[in-house]
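Me: I have a structure open here and would like to talk it through. Could you go over it with me?

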Amino acid sequence: MIIDWLMMKLITSAPPTKSRKFMKKLHFMVIIASIFALQACVHKVVTVPAKIAYKTTKGVVKGTVAVGKAIIPGDSDDDDDKKDKK
């Protein structure tokens, strides 16, 4: 905030010189660089929890399928069906 205030004072108080023009360009470039740096952070913040949620859900579904196959009787009829079709 102090830097912004100083920049505004420098820009508005005197006619522009080469150093002030350079500072304006530098200020703009720093803002653009910050935007790209934060974009990478936001991407990481969004994708990491999504990957964790996907892996957790995948494990739960596999576990549920395994329990379902163990509990449901007559599940071994698949082998008999394959033999009858041949």
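**Talking through the model**

Reply: A place to begin is Ile31, which lies in helix 2, and please keep in mind that this is a predicted model.

Me: Is Ile31 buried, partly exposed or exposed?
Reply: Ile31 counts as partly exposed, because its relative accessibility is 41%, and the range for that class runs between 20% and 50%.

Me: And which nonpolar patch does Ile31 belong to?
Reply: Ile31 is one of the residues of a nonpolar patch on the surface, which also includes Phe22, Met23, Leu26, Phe28 and Phe36, and whose members together have about 950 Å² of accessible area.

Me: Switching to charge, which residues form the positive surface patch?
Reply: That patch is formed by Lys44, Lys51, Lys55, Lys58 and Lys62; of these, Lys44 has its place in helix 2, and it counts as exposed because its relative accessibility is 54%, with exposed meaning over 50%.

Me: Stepping back, how many helices and strands are there?
Reply: The protein has three helices and zero strands, so that, by the way such elements are assigned, the order from the N terminus on reads α-α-α.

Me: How much of the protein counts as buried, and what supplies the exposed area?
Reply: Of its 86 residues, 1% count as buried, while the protein exposes about 8,100 Å², of which carbon and sulfur atoms supply 71%.

Me: Last thing, where is confidence lowest and where is it highest?
Reply: Confidence is lowest in helix 3, residues 77-85, at a mean of 56, and highest in helix 2, residues 18-71, at 84; for the protein, the mean pLDDT is 76, with 66% of residues reaching 70 or more.

How values were computed. Residues numbered from 1 in each chain as written. Predicted model: local features only at pLDDT ≥ 70, side-chain atom pairs only at ≥ 80, totals over all residues. Heavy atoms only, no water. pLDDT = per-residue confidence, 0-100. Helix = DSSP H or I, 4+ residues; strand = E, 2+ residues; numbered from the N terminus. Patch = residues over 30% accessible without salt bridge, like charges linked within 9 Å, V, L, I, M, F, W, Y side chains within 5 Å. Areas by Shrake-Rupley, 256 points an atom, 1.4 Å probe, with all protein chains shown as cover. Salt bridge = Lys/Arg side-chain N within 4 Å of Asp/Glu carboxyl O. Buried < 20%, exposed > 50% of the residue type's maximum accessible area, 1.4 Å probe, protein only. Lys, Arg positive; Asp, Glu negative; His and termini not counted. Charge placed at Lys NZ, Arg CZ, Asp CG, Glu CD.
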